[in-house]
Amino acid sequence: MSGDDERFIMVNGIRRELTGAQAEGSLLEYLREELDLTGAKNGCGVGACGACTVLVDGQARRACITKMSSALGKEIVTIEGLEGPGGELHPLQQAFIESGAIQCGFCTPGMIMSSLALLGKEKRPSRERIRQAISGNLCRCTGYQQIVDAVELAARRMYPEA
Amino acid sequence: MNTTDGVFRYDARAKATGRATYAADIKLTGMAHAVPVYTRFVRARGLRVEVEAAKAAPGVLAVLVAADVSGQVRYGQIEPDYPVLAQDLINFEGEVIALVVARTRAQALAAAALVVEEAEELPPLLDPESALAPAAPLLRLGKKDNIVNHGKMRRGDAEKALAGCELVLDERFSTQFIEHAYMEPEAAVAIPRPDGVMEIHGSMQHPFSTRRFVAAALGSLLAGVEVFNPPMGGGFGGKDDTAALVCARAALAARAVRRPVKLVYDREWSMRESYKRHPYKLHYRAGFGADGRFRAASIDMLCDSGAYTSVTPWVNWRSLVQCCGPYSVADVRTDVYAAATNNVFTGAMRGFGSPQVNFAVEQLMDMAAERLGLSPLEIRRINMLTQDGETITGQKLDGHVVSLGQVLDAIVRATDFERKFAASSRGAARDGTLYGIGLALSYRGASLGAEGADFCSSIVNCQADGSVILDAAIHENGQGAESVQMLVLAEELGIPLELIRRQRSSTSMIPDGGTTVATRGTIMGGGAVAVAARELKSLMARTLAPKLGVESDRVVFRSGRVGVEGGPGLSWEEAVAAMFAERIYPYAFGTFRAPKVSWDEETGQGDAYFTYVYSCQAAEVEVDAATGAVRLLAMTAAHDVGRAINRALTMGQAYGGMVQAAGMALFEDLAVKDGRVGNRNLDRYKIPRARDVPDLRCILVENADPSSPTGAKGIGEPAIELMAPAIANAVYNATGLRCRDLPIRIDPKELS
Ligand code: FES
Ligand code: FES
């Protein structure tokens, strides 16, 4: 049971007060239907594809199986939160574009969020580590090759000294 | 270019930022929501659907059944047999008996549970063999048998030739139902416009096919339906019939409630209802001479078409054309049958009938080589088609470079094949593991071939400031087709990409250019753009030649300049402005018509395709001797794509295709049992994950094709048709066990 004063979440740096109805259901529904943040996709609804991946307090979470009740008071970052105020791209976004890692693009937001969580913990993950970290994110188009390339490229740019 | 290293995708930024708006992301004022109601039967008749309780539920605006369909209930690409809403008969478990429309999706879902279905249940036909048995009940409306298709090839006298062969392999293979598993389930928004037009925004891979389905269901003219295509989250051949019916249902609902209606599919609905890759049973008798020559083949194939026809005959046709692989064989008898059953129906999927036959042929080549004391390379080199060679359909390959030798050599070099083949374990485990390498070779007819009328158009529309709006009637499936078209235009006109905007038109803005299937996106779409660009250049050269004081045939378009090399000229912008000053629009409409092909249905002979893509792929595997688990160590591809217009994206197609094929080889099985799809979501239907696949390599061989305006052929489907047999051959070379059935499963007991 959460008290009324906890009926909020932070989404991309903005505090969102929640109505009783909004505090129910899944985080994915809330983001897509209530906030019109449609970058997180519904590919399966059961936690199997990763298309809905967002950060919850810095951890990659599948929004489709994250209950709003468990996200209360927490800090959510979605793909929409990665662009700078003037439309500058995050190094991961830039690297996905430059590496040819995007085809249909349906997996892309989730892939980038999972990669972001990884690069928040590790500065120079091996290709093997990257593959492990994105194994909850299915992609049917790319065969993953250029996605792994992109994450490596982003890591080099984000942490040139590492 | 907003990119480096030649990677160009104009829509990448929208996709990387989450701004790309897919069909399910669309929200409109007053929009209602529809959901389908599925049958509980696999086969039944006398369907009665009781909707009163659902209609009375909160928020419900309408509940539609077949009787509410104003146009045709049944429609299809070849046979009009696939019902938009089930009528009287239930033919498979994916049949939609009603459509509930409500203010919110939650209300629609709640009301859907109140729809009552009654029918007389019938025993289902669950496999193609029993469907073809004499006493089988007839499943196809108004037809006298369950044979959806029978394709044949009669070349020489196969039986006689087999009798004279040194070695005759008599082998049976089988392949499984495969789910496309595009990451985005079907979705559609239909808007009943005040001008009477039904506007559709849907996740589908062929707007014009969708328009036909929607117009049929509504009973409307084609011009009364306008289909737009938002970004599509993958298709792989799978977003035609079912995706089109999702659009048609949204349209029926929108018309009924007179407001925009959104219909978004759950993954479970998608997997239950959408068509799959055809499972095949293949029986080959393949005859070889002592010299290793592949002399004759006698082939029977039977595939499951499921409840509806879709494009089964066309899929079978490709199986027929490619039934002996890329080899010249003098005597061939082939019969391919497709049978109607009460399983989920089968249709187009990337590869389109070739992955199944390649799985058989490319293993047979290795088997024959071993029996005859040849290597897998030797037997392929002895038999593969060469320049001016004749295919099994009697087509002489003299119009383009026949590069099987090149792609094979490329793979042999890149993988160090000979050494690794010699080092393969062949059943002798070292440290508990077995190692093997295997390869497969193919040729693949590009574009539709004798399956259909093959032409495509493009519009190049220059604006007063020199910017250009480009359109082409090839749909973006997510592979980057539009970006390729932009690159072609930039190159043809000699202008920077920044000046070009690819307009994503609707079905009302450009003529039907055919579907983005059959590896025809680049060759046909890019070809149409090149033709339109050349029309425009010719118009501009003719118009501006007097002003430049030169002959029009000396005017070239290069580096942002229009004029004579080293002589008089105008900047591109000046040239465009000069056209307007002459009151002649710098605008062109171009059509690329594919060269003529031919086909004889009785003999299976003819010039099947106007050109072919040549490909070779290799796999290296490690098999755990204790568990039989197969791990992929490396996958390598070599493809003669004609010309790679967008290198990184061409490679991306190859990588994606290899991994999909690896899924077919090792991971995927739809587990269709008693007419029901066993695994209806991605938690149980296992497609390859990042950690299941190794780093991939792709070698692009480029022999520009004279029949293609850009020199490019294509890559989409060649990429997927080889890895399953390459892996099967690698597994054999590791374990000594032949895997004739997909997916490959190794019983560790057999490994001792
Ligand atoms: S939609 Fe959440 S994991 Fe697939
Ligand atoms: S790019 Fe299409 S699913 Fe990953």
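Below, a colleague questions a modeller about this predicted model.

Colleague: What makes residues of chain A count as in contact with chain B?
Modeller: The cut-off is 7 Å between C-beta atoms placed from the backbone. By that test, 44 residues of chain A are in contact with 46 residues of chain B.

Colleague: Which helices of chain A supply at least two residues each to the side that touches chain B?
Modeller: Helix H3 (91–98), helix H4 (108–121), helix H5 (127–133) and helix H6 (145–158). The largest share, 4 residues, comes from H3(A).

Colleague: What is the make-up of that side of chain A by class?
Modeller: There are 21 nonpolar, 15 polar and 8 charged residues. Gly counts as polar in this scheme.

Colleague: How do you know that E21(B) and E22(B) pair?
Modeller: Pairing needs at least two bridges found by DSSP. E21(B) and strand E22 (residues 561–563) of chain B are joined by 3 bridges, so the two strands pair. They run antiparallel. B:Val556 stands opposite B:Gly563 in E22(B).

Colleague: What is the strand order in the sheet of chain B?
Modeller: The order is E21-E22-E23, an open sheet of 3 strands with antiparallel pairing. The twist averages 20° from one strand to the next.

Colleague: Why are E21 and E23 of chain B said to stand at the edges?
Modeller: Strand E21 (556–558) and strand E23 (569–571) each have a single partner strand, so one side of each is left without a neighbour in the sheet.

Colleague: Which helix lies across E22 and E23 of chain B?
Modeller: Helix H16 (residues 572–581) of chain B does. H16(B) runs at about 100° to E23(B).

Note on methods. Residues numbered from 1 in each chain as written. Chains lettered and ligands numbered in written order. Predicted model: local features only at pLDDT ≥ 70, side-chain atom pairs only at ≥ 80, totals over all residues. Contact = placed C-beta atoms within 7 Å. Axes fitted to C-alpha atoms, helices over the stretch in contact; angles between N-to-C directions.
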